[in-house]
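I opened this notebook to look up the pocket and the nonpolar cores of a structure that was new to me. My entries follow in the order in which I looked.

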Amino acid sequence: MMIGTLLTIALLAVQGVQDIRVQRAIVVQPETVTVGDPFRVIVRVKVPRGADIGFPDAPDSAGRVEAIDPVQITTAPDSAFTDQTAVYRVAAWDVGRIAIRLGNVRIVIGRDVMEVPLGEASIFVASVLPADTTLHVPKPARDVLGIPAPWWLWLLVALAVAVIAALIWWWLRRRQRLKLITPVDPYEEALAGFARVQGLGLVEAGERGRYVALMVEVLREYLARIDERADLALTTSELLAAIQDIPLIPANRLAAMLV
């Protein structure tokens, strides 16, 4: 009998049923593989005719051996016995000698059920790495925070932060400068101011005094924009005296509005 083959014959007694002779054998082909290579575990069970055989679904090897395909079951022609063979196509994901545990095979005779242990087989899994390698045992993870950064890396970080800050400052200054140099038509601005005051609905609300005051404020801002002599700090009399020589401004009509 080759290495890797487990052959046993059990004589079992079930209450109400005559003694049953169960023959079972396990063969592993091939006996040596490398990590991830598929191999076969062949289980053959022979019981008296009339008994049903239930094979385990897959080997149980705590994750070190994994089934690749569903179990394949064939029945051999025999008039005196039920002779079935289950073939498990599996692969191993560790190295060394690995035990293959298949659990129990279930024998059913009428209403009686018995669990027959299949025992263990094994496979030797060879490493694909050189014999002196240390990669099989992973090194413990190193603490990222415990690795000191070189001084030049911190210098680069500081320079990058300084460049970004300078770009932001330049962009803000440029944006503010664009706002300051953007020309605004005093006439258009005054029209917008009059429309804004008109939209407040002060006349309809009975606040005529406030309405007139706001309109005069817009007018004085317009005058200050078109001529620097019409300063907002001047009183009404001083304003009229300052702009009386400006030909574009009708002083009489303006006086009637401001007084």
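I began with the largest pocket, where α3 (208-226) and α5 (251-258) each supply at least two residues of the lining, and I noted that α3 gives the most, with four residues. Helices (H or I, at least four residues) and strands (E, at least two) are DSSP runs numbered from the N terminus.

I kept in mind that this is a predicted model, in which local features need pLDDT of at least 70 and side-chain atom pairs count only at pLDDT 80 or more, while totals for chains, interfaces and linings use all residues. Residues are numbered from 1 along each chain as its sequence is written, and side-chain values use heavy atoms, with hydrogens and water left out.

I then read that the lining divides into nine nonpolar residues, no polar and one charged.

Next I turned to the largest nonpolar core, a set of buried (under 20% relative accessible area, 1.4 Å probe, protein chains only) Ala, Val, Leu, Ile, Met, Phe, Trp, Tyr and Cys residues joined through side-chain atoms within 4.5 Å. Of its 28 residues, I found that Phe39, Val41, Val43, Val45 and Ile107 touch the most other members, and that β4 gives the most to this core, with five residues.

Apart from it I found another core, of nine residues, among them Leu240, Ile243, Ile246 and Leu254.

Lastly I looked up Val43, which, leaving aside its neighbours within four places in sequence, is in contact (heavy atoms within 4.5 Å) with residues including Ala25, Phe55, Tyr88 and Leu118.

Conventions: Ala, Val, Leu, Ile, Met, Phe, Trp, Tyr, Cys and Pro count as nonpolar, Asp, Glu, Lys and Arg as charged, and the others, Gly among them, as polar. Buried means under 20% relative accessible area, exposed over 50%, partly exposed in between (1.4 Å probe, protein chains only).
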